[in-house]
Amino acid sequence: MKTNLKNVSLRILLIVNASILTVPTFASSEIDTLTASCSACHGADGVAPSSDWPSLAGQKQGYLLAQLKAFKSGHRTNVLMDNQLSNKSEADLVKIAQHYASLSFKKAESTSINKDGENVRASCLSCHGMIGKTVNETWPNLAGQNQGYLLKQLKDFSSKKRDSMIMNVIASELTEQEMKDVAQYYEQIGSEY
Ligand code: HEC
Ligand code: HEC
C-alpha cells in the first residue's frame, strides 16, 4: 500500500514537472525568443545592469540596426558581442532593432552635473542634440546612456578600434579627461524615451 501511494505521488510529481517544463516554450513570443540571450547583458527591459554595457531601450532604430549588422559582419567587434548574432537572419535583426527602439526608458537627472562635460558637449550637440537626443534615425542618442560604456566608445573611436568617419576625427581631438567628463555628463542628464 505504502509503495503504491509513493508510486502515485511520484507519477503526479512527474506530470506536474513535465507541464511546468513545457510552459515557457508555449508562452514566449517570437521577440522574446529572439532577445532571450541578450537580456543577461542588456536587461529584459533594454536597460543594462552594468555601467560598461549599453542600454538599448529607446535607442534609434536605424542606428541599432546598423550596429547589429556591423557586429554580425565583423565590422564592429567585441568579445562579448561577437557570435551573439550568428544565428540571426537579417529579418531577425530588423525585428530586434524595432523592439528595443520601441521600449521606453526613463532615467532621472542626476543631482550633480559635470560642468566640464557640459562644456565639451558644445562640439557634440550639432549631431547628438541639445539634450543628447538626435533628430537623425541613424545617429545614436547619448542621454542617459551608461558612462562606462560611453567612455569606452570614445576611446575606441579615438584609437580607431571602432570605425566611424565622423567619430574617429571628433574623438581623437578630445583629451582623456574630456572624454571622462563628457561621458559622465551624458549619463547624468538622464532622459526619457
Ligand atoms: C555577454 C554580454 C552580452 C550579450 C549576451 C549581448 N550583448 Fe550586446 N553588447 C554587449 C557589450 C559589452 C556591448 C558593447 C560593445 C563595445 O564596447 O563596443 C554590446 C553592444 C551591443 C549593441 C550596440 C549598442 C550601441 O549603442 O551601439 C547592440 C545593438 C547590441 N549589443 C545588441 C545585442 C543583442 C540583440 C543581443 C542578443 C542577441 C546582445 N546584444 C547580446 C554585451 C552583450
Ligand atoms: C557630425 C556629427 C557628430 C558630432 C558632431 C558628434 N557625433 Fe558622436 N556620433 C555620430 C555618429 C554618426 C555616430 C554613429 C557612429 C557609428 O555609426 O558607429 C556617433 C556615435 C557616438 C557614440 C557611440 C554611441 C553608442 O551608442 O555606441 C558616442 C559615445 C558619441 N558619438 C559621442 C560623441 C561626443 C562626446 C561628441 C562631442 C565631443 C560627438 N559624439 C560629436 C555623429 C556625431
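**Figure 1. The surroundings of ligand 2 in a predicted model**. Around ligand 2 there are 20 residues, where a residue counts as near if its C-beta atom, placed from the backbone, lies within 6 Å of the molecule, and the closest are Cys124, Cys127, Pro140, Gln153 and Ser164. Two or more residues of this shell come from each of helix 7 (125–128), helix 8 (147–158) and helix 9 (165–172); helices are DSSP runs of H or I with at least four residues, strands are runs of E with at least two, and both are numbered from the N terminus. By class, the shell around ligand 2 holds 15 nonpolar, five polar and no charged residues, with Ala, Val, Leu, Ile, Met, Phe, Trp, Tyr, Cys and Pro taken as nonpolar, Asp, Glu, Lys and Arg as charged, and the others, Gly among them, as polar.

**Figure 2. The surroundings of ligand 1**. Ligand 1 is surrounded by 21 residues, of which Cys38, Cys41, Asn78, Leu80 and Gln84 come nearest. Helix 3 (39–42) and helix 4 (61–73) each give at least two residues to this shell, which divides into 13 nonpolar, seven polar and one charged.

**Figure 3. The helices and strands of the protein**. The protein has 10 helices and two strands, and along the sequence they follow the pattern α-α-α-α-α-β-α-α-α-α-α-β.

**Notes on the model.** Residues are numbered from 1 along each chain as its sequence is written, while chains are lettered from A and ligands numbered from 1 in the order in which they are written. In this predicted model, local features need pLDDT of at least 70 and side-chain atom pairs count only at pLDDT 80 or more, whereas totals for chains, interfaces and linings use all residues.
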